[in-house]
Amino acid sequence: MGRIRVLVVDDHRIFAEALAAALAAEPDVEVGAAGSAAAAERALERAAAEGRAYDVALIDADLGVEAGGPAARARPGPEAAAEEARRRPAPGVPAARRPGAAPLAPPTPATAAARPPDRLRAEPLRPTAPPPDGITLLGRLRRAHPGLRGVVLATADDPHRAARALHAGATGWVAKESSLARLLAVVRGVLRDETHLPPALLTGVIRELTTARRDRTESERLVDTLTPREKQILRCMVAGLGRQAVAERLYLSPHTVRTHMQNVLGKLGVHSTLAAVAVARRAGVSPAEPAAPPSIASTP
């Protein structure tokens with residue numbers, strides 16, 4: 001085996017730098033580091049373009065998650081949320097009407113003229129999607145770089161997350177407090193197409209995978225009851241298309257699409273589009289491909 005190229009993906013800088021330095025001390029290991037999902041994707045693309053692709057990615061399971069865990073990152077606690085709501089101005093309410101605000105002077109003709117019309121006012125910023133966690137990123141990187149092996153670095157053994165990591169394409173799960181010798185053994189092992197899990201996780205992971213397989217089988221059975229047209233509709237639902245967009249995509253009337261969607265929900269035994277999409281995902285239904293942009297005829 002030649003030199004092993006390893007990419008460490010962790011947003012805790014001190015840990016990432018220490019791990020990279022320890023690995024780089026090995027004579028047959030070459031190490032790179034990335035502190036975010038975007039940086040990892042750029043590093044892999046650049047390395048592949050240069051013909052020096054990475055062999056293994058060591059990815060923090062909690063990449064992008066603030067202290068306190070995923071729940072803390074997803075939304076503030078009740079007290080913090082209440083305080084934030086109290087401080088946030090009510091939309092569309094002038095400052096003079098808010099508690100504790102000084103009254104505004106009546107507008108003069110000059111200020112009224114200078115005030116921009118409603119249609120020119122800036123739209124509020126829309127919330128952006130949170131960055132992917134390490135396991136989601138691992139799945140994305142494996143799809144983009146099939147030859148890459150993925151190893152998850154975790155602070156705790158969690159059978160559910162470990163099973164999710166295996167499903168995403170991981171071939172190793174290593175505790176962050178493991179020894180360097182243990183980590184190197186896993187890195188070398190995954191390059192021999194071995195799968196490495198801590199013994200304490202095996203029973204829980206097998207149980208999780210068995211349950212997931214049972215749920216998937218039931219979901220597949222339900223999806224198989226759909227007609228070809230209903231399966232098309234379901235794939236569009238998985239892609240996040242609304243009724244009008246589905247109608248335009250499939251050249252159907254919105255009323256016909258609505259009828260098909262109701263039939264899909266009934267056959268899947270659910271009461272909402274979100275639940276139907278969850279069943280479809282468990283059954284392995286892929287989203288509909290994006291519509292091709294209209295071709296523009298070239299003029300002679």
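Here is a walk through this predicted model, from its nonpolar cores to its largest pocket and its salt bridges.

Let's start inside. The largest nonpolar core has 28 residues, and the members touching the most others are Leu-7, Val-9, Ile-59, Leu-137, Val-152 and Trp-173. Strands and helices both feed into this core: strands E1 (4-9), E3 (56-60), E4 (149-154) and E5 (170-175) each give at least two residues, and so do helices H2 (37-49), H6 (134-144), H7 (159-168) and H9 (199-223). The top contributor is H2, with 5 residues. There is also another core, set apart from this one, with 24 residues, including Leu-265, Val-270, Ala-280 and Ala-288.

Now for the empty space. The largest pocket holds about 830 Å³. It has 19 lining residues, and those closest to the pocket centre are Arg-164, His-167, Arg-216, Arg-281 and Arg-282. Helices H6, H7, H9 and H13 (273-282) each put at least two residues into the lining, with H9 supplying the largest share at 6 residues. Sorted by class, the lining comes out as 7 charged, 6 polar and 6 nonpolar residues.

Next, a stop at one histidine. His-260 sits in helix H12, which spans residues 254-268. Is His-260 buried or exposed? His-260 counts as buried because its relative accessible area is 18%, below the 20% cut-off. Leaving out residues up to four places away in sequence, His-260 is in contact with Arg-229, Glu-230, Ile-233 and Leu-252.

On to the charges. Side chains of opposite charge can pair when their charged atoms come close. Across the whole structure, a search turns up 16 salt bridges. One of them pairs Arg-140 with Glu-41, with 2.8 Å between the closest N and O atoms. That pair ties together distant parts of the chain, since Arg-140 belongs to helix H6 and Glu-41 to helix H2, 99 residues apart. Both ends are partly exposed: Arg-140 has a relative accessibility of 33%, and Glu-41 has 22%.

Two other bridges are worth a look. Arg-192 and Glu-194 meet at 3.2 Å, N to O; Arg-192 is partly exposed at 49%, and Glu-194 is partly exposed at 31%. Glu-50 and Arg-52 form a salt bridge with an N to O distance of 3.6 Å. Here too the partners are partly exposed, Glu-50 at 48% and Arg-52 at 37%. Glu-50 and Arg-52 also belong to a network with Arg-3, Arg-5 and Glu-30, joined by salt bridges that share partners.

Definitions and conventions: Residues are numbered from 1 along each chain as its sequence is written. This is a predicted model: local features need pLDDT of at least 70, side-chain atom pairs count only at pLDDT 80 or more; totals for chains, interfaces and linings use all residues. Side-chain values use heavy atoms; hydrogens and water are left out. A nonpolar core is a set of buried Ala, Val, Leu, Ile, Met, Phe, Trp, Tyr and Cys residues joined through side-chain atoms within 4.5 Å. Buried means under 20% relative accessible area, exposed over 50%, partly exposed in between (1.4 Å probe, protein chains only). Helices (H or I, at least four residues) and strands (E, at least two) are DSSP runs, numbered from the N terminus. On a 1 Å grid over the protein atoms alone, a cavity is a set of points where a 1.4 Å probe fits but cannot get out, and a pocket is an open set with protein on both sides within 12 Å along at least five of seven lines; lining residues have an atom within 4 Å of a point. Grid points are joined across faces, edges and corners, and a volume is the space filled by probe spheres set on the points. Ala, Val, Leu, Ile, Met, Phe, Trp, Tyr, Cys and Pro count as nonpolar, Asp, Glu, Lys and Arg as charged, and the others, Gly among them, as polar. Contact means heavy atoms within 4.5 Å. A salt bridge is a side-chain nitrogen of Lys or Arg within 4 Å of a carboxyl oxygen of Asp or Glu.
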